[in-house]
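This report describes selected features of a single protein chain for readers working at the bench. It moves from one local contact to the aromatic groups, the backbone and the pockets.

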Amino acid sequence: MADFAQAYEAMIRREGGYVLHTVPGDRGGQTYAGISRRAHPQWSGWQSIDAGGTPSADEVRSLYRQQYWRAIFGDLIEHQGVASSIFDFAVNAGVRVAVVLAQTVAGVTPDGVMGPVTLQALNSMRPDDFVARYALAKIARYVAIVKRDKTQAKFLLGWINRALEGVA
């Protein structure tokens, strides 16, 4: 079975580590360790930040485990590369979007909910095939975003590089 710690360490590096920042044009707004204040306004770490402190690594890890890893049933995905790829994309694009794309690649009816049919399909696929096809699907989604909103073009290369990590 896949390991959260391994997926988390790769993802937190992609998110830039434990840094507070606001990137102009980023729809997530202010983020800390990749956690968007807009998406997670009730996260306990914002209290520390607003008081001039720094959230603990455990607070960060807990949010990612609860909101993303458990939502994709990462512990039930057999191959680390498959779980890590879905987890990373869930962090970047949202759980529902990540699961719909995984379901599409796995050939099951996309409903955005990770369940037994999706898990069976994912665990039955050749992991390398899934990871490669999922990367291409992510890139196609990113290109579609840029086509709809040209202001997002400055993020495209970074998104493509992120999608390709773990392929090969």
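In this predicted model, a polar atom of the Ser-36 side chain lies 3.1 Å from the backbone nitrogen of Ala-39. Ser-36 belongs to strand 3. Because its relative accessible area is 10%, under the 20% limit, Ser-36 counts as buried. Leaving aside neighbours within four places in sequence, the residues in contact with Ser-36 are Gly-28, Gln-30, Thr-31 and Trp-46.

**Backbone angles**

Most residues other than glycine have a negative phi. Two residues depart from this pattern in the loops described here. Ala-33, which is not a glycine, has a positive phi near 50°. Its place is the loop between strand 2 (31–32) and strand 3 (35–36). With a relative accessible area of 1%, Ala-33 is buried.

Phe-73 likewise is not a glycine, and its phi is positive at about 55°. Phe-73 sits in the loop between helix 3 and helix 4. Is Phe-73 buried or partly exposed? Its relative accessibility is 37%, so Phe-73 counts as partly exposed. A positive phi is also found at a glycine: Gly-16, just after helix 1, has a value of about 95°.

**Tyr-68 and its surroundings**

Tyr-68 lies in helix 3, which spans residues 57–69. A relative accessible area of 10% places Tyr-68 among buried residues, because buried means under 20%. The side chains of Tyr-68 and His-40 are joined by a polar contact of 2.7 Å. Not counting residues up to four places away in sequence, Tyr-68 touches His-40, Leu-63, Phe-87, Ala-90, Val-91 and Val-95. Tyr-68 and Gly-94 are 26 residues apart in sequence, and their C-alpha atoms are 8.3 Å apart in space.

Tyr-68 is also a member of an aromatic cluster, together with Phe-4, Tyr-8, Tyr-64, Trp-69 and Phe-87. Two of these members, Phe-4 and Tyr-8, are among the buried residues of helix 1. Ala-7, Ala-10, Met-11 and Ile-12 of helix 1 are buried as well. The buried residues of helix 1 pack against helix 3, helix 4 and helix 8.

**A stacked aromatic pair**

The structure holds 13 aromatic pairs. One of them is formed by Tyr-142 and Trp-159, which are stacked with 4.9 Å from centre to centre and 20° between the planes. The pair links distant parts of the chain, since Tyr-142 lies in helix 7 and Trp-159 in helix 8, 17 residues apart. Are the two partners buried or exposed? Tyr-142 has a relative accessibility of 3% and therefore counts as buried. Trp-159, at 15%, also counts as buried.

**Pockets**

Trp-159 appears again in the description of the largest pocket, which holds about 850 Å³ of space. This pocket is lined by 29 residues, and those closest to its centre are Asp-26, Gly-28, Val-91, Asn-92 and Trp-159. Helix 4 (80–93), helix 7 (127–148) and helix 8 (156–164) are the elements that give two or more residues to the lining. Of the residues named near the centre, Gly-28 is also in contact with Ser-36, while Val-91 is touched by Tyr-68.

The second largest pocket contains about 170 Å³ of space. Its lining has 14 residues, of which Arg-14, Gly-81, Ser-84, Glu-165 and Gly-166 lie nearest the centre. Helix 1 (4–14), helix 4 and helix 7 each give two or more residues to this lining. Which element provides the largest share of the lining of the second largest pocket? Helix 4 does, with five residues.

The table sets out the two linings by residue class.

| Pocket | Nonpolar | Polar | Charged |
|---|---|---|---|
| Largest pocket | 10 residues | 10 residues | nine residues |
| Second largest pocket | three residues | six residues | five residues |

Helix 4 and helix 7 thus recur in the two descriptions: both give two or more residues to the lining of the largest pocket, and both do so for the second largest pocket.

Technical notes. Residues numbered from 1 in each chain as written. Predicted model: local features only at pLDDT ≥ 70, side-chain atom pairs only at ≥ 80, totals over all residues. Heavy atoms only, no water. 1 Å grid on protein atoms, 1.4 Å probe; cavity = no way out; pocket = protein on both sides within 12 Å on 5 of 7 lines; lining within 4 Å. Points joined across faces, edges and corners; volume = space filled by probe spheres on them. Helix = DSSP H or I, 4+ residues; strand = E, 2+ residues; numbered from the N terminus. Nonpolar A, V, L, I, M, F, W, Y, C, P; charged D, E, K, R; others polar. Phe/Tyr/Trp six-rings, centres within 6.5 Å; stacked < 30°, edge-to-face > 60°. Buried < 20%, exposed > 50% of the residue type's maximum accessible area, 1.4 Å probe, protein only. Contact = heavy atoms within 4.5 Å. Polar contact = N/O pair within 3.5 Å; in protein donor to acceptor, adjacent residues only side chain to side chain.
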